[in-house]
Structures are given as C-alpha cells and as structure tokens.
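Subject: Handing over a structure

Hello,

Here is the structure I promised to pass on to you. Please open it beside this message, and then read on for what was found in it.

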Amino acid sequence: MSAQQPGRRKMTAREAAEKYGVSTRTVRRLVAEPRQDFLDRASARRSQAVQLRLDGASYAEIAEAMACSTGTVGRLLHDARRYGEMPELAADGDQREEQQAAA
C-alpha cells in the first residue's frame, strides 16, 4: 500500500495520531513513502557519494556537498560497497569476508 499523499512530513506519527485520534500504526500506514521510491532515493544518494569519492573528494568534502555528516558519508559508501555499487572496492570487501570466514 502506498501513501495517499506521498511526500516528506513535518509532524511525527505520534503527534498526528494524537491530533486525529487514531493509532500511530494507522498514521504510518497512511503516510508511508512507497518502498520503491525510498529505494530509488537511497540509491541516488549512494551514487552521488560514490561519484564524489571516485573524483577524489574527502569524506568532509562529500559531507559538505551533500549537506550531511561525515558519518552519513561513511554509511553511504559502506552501503555502496555492500551492494556492489563501488566495484573496485567491493572485491576487497569480499576478500576480507572470505579471510574472516576462514579464520
């Protein structure tokens, strides 16, 4: 089921539930972002971080360009490696996992 009015919200589920007299689960169900939209948006953010990193930008420079923290940049790049969106680094991660499994 997708949201009746998709978009970013300014009110928490708890606040909306209290305001309209329904459960927080009902609010979440009605306003949830469609899953594919979320996955597309997340993939686009990872791709942007990867491209900046491949262009030689530091974590701090990427964070500034994307208006997020350096911790978020690290998570985006980690997820990109995990999902194979950084091919030259994904192979290294696979080798480390194999070494850890063998130990």
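Let me start with one detail, a pair of charged side chains. Glu33 is partly exposed, with a relative accessible area of 34%; partly exposed lies between buried, under 20% relative accessible area, and exposed, over 50% (1.4 Å probe, protein chains only). Its partner Arg41 is partly exposed too, at 33%. The side chains of these residues, Glu33 and Arg41, meet in a salt bridge with an N to O distance of 2.8 Å. By salt bridge I mean a side-chain nitrogen of Lys or Arg within 4 Å of a carboxyl oxygen of Asp or Glu.

Before going further, a word on the source: this is a predicted model, in which local features need pLDDT of at least 70 and side-chain atom pairs count only at pLDDT 80 or more, while totals for chains, interfaces and linings use all residues. Residues are numbered from 1 along each chain as its sequence is written, and side-chain values use heavy atoms, with hydrogens and water left out.

**The chain as a whole**

The protein chain has 6 helices and 0 strands; helices (H or I, at least four residues) and strands (E, at least two) are DSSP runs, numbered from the N terminus. Its elements therefore read α-α-α-α-α-α from the N terminus on. The chain has 103 residues, of which 23% count as buried. Its accessible surface comes to about 7,700 Å², and 49% of that belongs to carbon and sulfur atoms. These areas come from the Shrake-Rupley method with a 1.4 Å probe; for residues, only the protein chains shown count as cover. Looking at contacts (heavy atoms within 4.5 Å) between residues at least 6 apart in sequence, 44% join residues at least 24 apart.

**The other salt bridges**

How many salt bridges does a search of the whole structure find? It finds 3, and the pair described above is one of them.

Another joins Glu85 to Arg46, with the closest N and O atoms 2.9 Å apart. This pair links distant parts of the chain: Glu85 sits in the loop between α5 and α6 (87-102), Arg46 in helix α3 (residues 35-54), and 39 residues separate them. Glu85 is partly exposed at 28% relative accessible area, whereas Arg46 counts as buried at 12%.

Arg75 and Asp79 form a salt bridge as well, their closest N and O atoms being 3.5 Å apart. Both residues lie in helix α5, 4 residues apart, which is about one turn of the helix. Arg75 is partly exposed, at 41% relative accessibility, but Asp79 is buried, at 13%.

**The first helix**

Which residues of helix α1 (residues 13-20) are buried? They are Ala13, Ala16 and Ala17. Seen down the axis of α1, these buried residues fall within an arc of 100 degrees, so they line one face of the helix; the arc is that of the directions from the helix axis to the C-beta atoms. The face turned away from the buried side carries the exposed residues Arg14, Glu18 and Lys19. Helix α2 (24-31) is included in what covers the buried residues of α1. Arg29 is found in α2 and is partly exposed, with a relative accessible area of 37%. Arg29 and Ala13 are 16 residues apart in sequence and 9.9 Å apart in space, C-alpha to C-alpha. Just after α1, Gly21 takes a positive phi of about 70 degrees.

**How helix α5 packs**

Two packed helices are described by the angle between their axes and the distance between the axes. Axes here are lines fitted to C-alpha atoms, for helices over the stretch in contact, and angles run from 0 to 180 degrees between N-to-C directions.

Helices α3 and α5 pack at about 95 degrees, with axes 9 Å apart. They are therefore roughly perpendicular to each other; angles under 35 degrees count as roughly parallel, over 145 as roughly antiparallel, 65 to 115 as roughly perpendicular and the rest as oblique. Among the residues making this contact are Arg46 of α3 and both Arg75 and Asp79 of α5, so you will recognise these names from the salt bridges.

Helices α4 and α5 pack at about 100 degrees, with axes 8 Å apart. Their contact involves residues including Tyr59, Ile62 and Met66 of α4, and Val73, Leu76 and Leu77 of α5.

**One last loop**

Ala67 is found in the loop between α4 (59-66) and α5 (70-82). Its phi is near 55 degrees, a positive value in a residue other than glycine. At 72% relative accessibility, Ala67 counts as exposed.

Enjoy looking around, and best wishes.
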